[in-house]
Amino acid sequence: TLSVRRQQRPSMRLLWSCLFVASTLPIARALGQELRLPVRIHLLFAPDAHAIATTYTDEHVRELLAVANHVWKQAEITWVIESIGRTKAPRGLAFDSLVSGSISRGREPLWAYFPQDSLLSAGWNLFLIRDFGQIAGGVFFPELMGVALAERGFGYELPPGGRGGRTLAHELGHALGLDHEVCDTTRNIMADACWQPGTESALTSSQIERARAQARMGRPAGKGD
């Protein structure tokens, strides 16, 4: 009997070892299914307006999405370009006045300055503009089913291959129902102004679960979610 027990113990240790390895595998591997989310790109332009008219090209768009997808790879979520188009912003001059401070931000909601006649209803939308002034770098608008992202915000350039791409990843997190987090050493992508060059942006297991649940709904988070 004693010899039988001695033979069983190594196999039990092996079993527990296998269970421990499985439990510590990267979260993305355990997910097992990539979720590919369509996003329609709106390159905004407006005659005689500056702030709302983007200078970005298709190549800049791909660079932005590459950075955002690198962050969201850990959740096995990939943003796929549905289309890229130039979209006229009908209130470009008014937006310039808003950014410069000539008119108050409280007069009407910010999303009302963006075009709403060519939205992708079964997916996400990305509006690219030149300058958000002191308002933001990027904003998620449930009303527009997407994100507005600037090339410049708070007086800083937001390069697509760096801070701009990370800002997009952050705002897409809001579009997947995630809230802000506290900035710490993990550099969570949902912590405001927490990005550091050369450092990976983290997502927690609960964030990934929430984001994937929203992604499977096929639309951005809304006020009722």
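**Exercise 1. The main core**

Task: Find the residues with the most contacts inside the largest nonpolar core of this predicted model, and say which elements build that core.

Solution:
- Start with the core itself. The largest nonpolar core holds 33 residues. Inside it, the residues with the most contacts are W72, I77, W79, L126, L128, L168 and L176.
- Next, assign elements. Two or more residues of this core come from each of β1 (35–45), α3, β2, β3, β5, α5 and α6.
- Rank the contributions. α3 gives the largest share, 6 residues.
- Look for a further core. Apart from this one lies another core, of 22 residues, including A46, F127, V139 and F141.
- Set this in context. In soluble globular proteins, nonpolar side chains tend to be buried together.

**Exercise 2. The surroundings of W79**

Task: List what W79 is in contact with, leaving aside its neighbours within four places in sequence.

Solution:
- Apply the 4.5 Å cut-off between heavy atoms.
- The partners of W79 are then L37, V39, L65, N69, W72, W124, L172 and L176.
- Cross-check with the core. W72 and L176, like W79, are among the residues with the most contacts inside the largest nonpolar core.

**Exercise 3. Helix α5**

Task: Check the length of α5 against its residue count, then describe its cover.

Solution:
- α5 covers residues 163–175, which is 13 residues.
- At 1.5 Å a residue, the helix should span 18 Å. Its end C-alpha atoms are 18 Å apart, so the two agree.
- Now count burial. In α5, 12 of 13 residues are buried. Among them are L168, H170, E171 and H174.
- Name the cover. It includes α3 (58–72), β2 (77–88), β3 (124–131), β4 (138–141), β5 (146–153) and α6 (205–215).
- Look past the end. G177 follows α5 and has a positive phi, near 90°.

**Exercise 4. Positive phi outside glycine**

Task: Where do D48 and A193 lie, and are they buried or exposed?

Solution:
- Recall the background. Most residues other than glycine have a negative phi.
- D48 has a positive phi, near 65°. D48 sits in the loop between β1 and α3. Its relative accessible area is 73%, so D48 is exposed.
- A193 also has a positive phi, near 55°. A193 sits in the loop between α5 and α6. Its relative accessibility is 75%, so A193 is exposed.

**Exercise 5. The whole chain**

Task: Summarise the chain by element order, burial and contact range.

Solution:
- There are 6 helices and 6 strands. From the N terminus they run α-α-β-α-β-α-β-β-β-β-α-α.
- Of the 225 residues, 44% are buried.
- Take contacts between residues at least 6 apart in sequence: 63% join residues at least 24 apart.
- The accessible surface is about 12,000 Å², with 53% belonging to carbon and sulfur atoms.

Conventions
Residues numbered from 1 in each chain as written. Predicted model: local features only at pLDDT ≥ 70, side-chain atom pairs only at ≥ 80, totals over all residues. Heavy atoms only, no water. Helix = DSSP H or I, 4+ residues; strand = E, 2+ residues; numbered from the N terminus. Expected span 1.5 Å × (residues − 1). Buried < 20%, exposed > 50% of the residue type's maximum accessible area, 1.4 Å probe, protein only. Areas by Shrake-Rupley, 256 points an atom, 1.4 Å probe, with all protein chains shown as cover. Core = buried A, V, L, I, M, F, W, Y, C linked by side-chain atoms within 4.5 Å.
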